[in-house]
Every structure is written in C-alpha cells, then in structure tokens.
Amino acid sequence: LAALLAPAAALASGEEPGAAATVFTFNEGGWPCTRIPSIVLAGNDTLLAFAECRDRTGDGCVPEHPVAAAQPKCVCMKRSRTNGATWDAAPRCVAPAGSNQPLAVYHSATNTVVLHFNLGRFNVNSTVHQVTSTDNGEHWGAPRSMAAALGPNCASANAGPGRGVQLSSA
C-alpha cells in the first residue's frame, strides 16, 4: 500500500515522486488487513489517505491465514501534513462500521473533503453514503445516504474504490 500511495501523494501535490513512506501496516490499530486505498490532497497541503480497515485477513491481504479483529471493519483515514513523508500514528474510522469502497474528492470551491463509501454488505443491500469534512479531515459530519440522489436504479451502486474528480467549481 505504501508503494501506491507515496507516488500518488507526490503527483497530487504537483511534486516529483520521492521515497516511499509506509502509510498503513498489518494489524495497525487492531485491524489485520488494510486494502482499497484512496488518497486526496486537501486544502493547506494536507494529504488524506483512506482505506478499508478490515476485520479479517484473506482476499489478498497478507498473511492469508485467518486473523480476526476485535472491531468491525470501516473506512479509515490517516493524515499527512508533511507531503507524505510522515503519517498519523494509527488509522481512525471516519465512516460507520460496515463501510467499504472509499472514494475521496476535495471540492476546492467549498474547501470540503467529500468521502463516498458503501455501507452494508458488499453488493447485497449496500448503499452509497457520504461524509464531509470542512477542516481537512479533522472532523467529519454524519453519514448521509445518497440513495435518493442516485435514484432507484443506482442506489446500490459501488461508490469506489479510487479517487473522485471535481469537474466544476460550482
């Protein structure tokens, strides 16, 4: 995960990629697996890295043997104020238990980080939700379902994974 996020952090900030920094590690914060990254450059040169902090191993996570966490999975976040050279000591959940498939975008006109994610069992009764932060990931608003905005044919679509793109300043 570090190899993916370090070059992305440099590109997001407009700089040449430098040395890779480890962002998420095995069993960090009590989660045995961290996958599905999304990274965004927020205002004031803050990088926010999101991932699924999973409650089990497997599905491409190392080690492959079963390891279970004492907490449910969630979309978690780490922050860097050093252009990716250093990151928060441990990830923290920014979306509710059971969330997955993070997709982040920074809305420059409103200085808002918008994090979309799925809530519920993957592809079974899951719905797209979002949380927002107006202080570069320090605090997050309450989760909001996007089902009404997406309509009945898209309410259970996947939010991510990846990074969103702001298409206009409106």
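Asparagine 83 sits in the loop between strand S3 (74–80) and strand S4 (92–93). Keep in mind that the model you are looking at is predicted. Here are some exercises to help you find your way around.

**Exercise 1: the loop residue**

Work out whether asparagine 83 is buried, partly exposed or exposed, and look up its phi angle.

Solution. Start with the relative accessible area of asparagine 83, which is 29%. Next, recall the cut-offs: buried means under 20%, and exposed means over 50%. Asparagine 83 therefore counts as partly exposed. Now for the backbone: asparagine 83 is not a glycine, although its phi is positive, at about 55°.

**Exercise 2: the strands on either side of the loop**

Describe how S3 and S4 pair, and find the bridge partner of cysteine 76 in S4.

Solution. First check the direction: S3 and S4 pair in the antiparallel sense. Then count the bridges between S3 and S4, and you get two. For cysteine 76, the bridge partner in S4 is cysteine 93.

**Exercise 3: the open sheet**

Put the strands of the open sheet in order, then say which ones stand at the edges.

Solution. Four strands make up this open sheet, in the order S1-S2-S3-S4, with antiparallel pairing. S1 and S4 each have a single partner strand, so one side of each has no neighbour in the sheet, and these two stand at the edges.

**Exercise 4: a residue in S1**

Find out where isoleucine 36 lies, and whether it is buried or exposed.

Solution. Isoleucine 36 belongs to strand S1, which covers residues 33–42. Its relative accessibility is 14%, so isoleucine 36 counts as buried. Have a look at its backbone too: phi is positive here, about 60°, although isoleucine 36 is not a glycine.

**Exercise 5: the surroundings of valine 114**

Place valine 114 in its strand and list what it touches, skipping residues up to four places away in sequence.

Solution. Begin with strand S6, residues 112–119, where you'll find valine 114. With a relative accessible area of 14%, valine 114 is buried. Leaving out those sequence neighbours, valine 114 touches Leu103, Ala104, Val105, Gln130, Val131 and Thr132. Finally, try serine 133: it is 19 residues from valine 114 in sequence, and their C-alpha atoms are 6.7 Å apart.

**Exercise 6: the whole protein**

Count the helices and strands, and give their order from the N terminus.

Solution. You should find two helices and nine strands. From the N terminus on, they run α-β-β-β-β-β-β-β-β-α-β. As for burial, 44% of the 170 residues count as buried.

Definitions and conventions:
Residues numbered from 1 in each chain as written. Predicted model: local features only at pLDDT ≥ 70, side-chain atom pairs only at ≥ 80, totals over all residues. Heavy atoms only, no water. Buried < 20%, exposed > 50% of the residue type's maximum accessible area, 1.4 Å probe, protein only. Contact = heavy atoms within 4.5 Å. Pairing = 2+ DSSP bridges.
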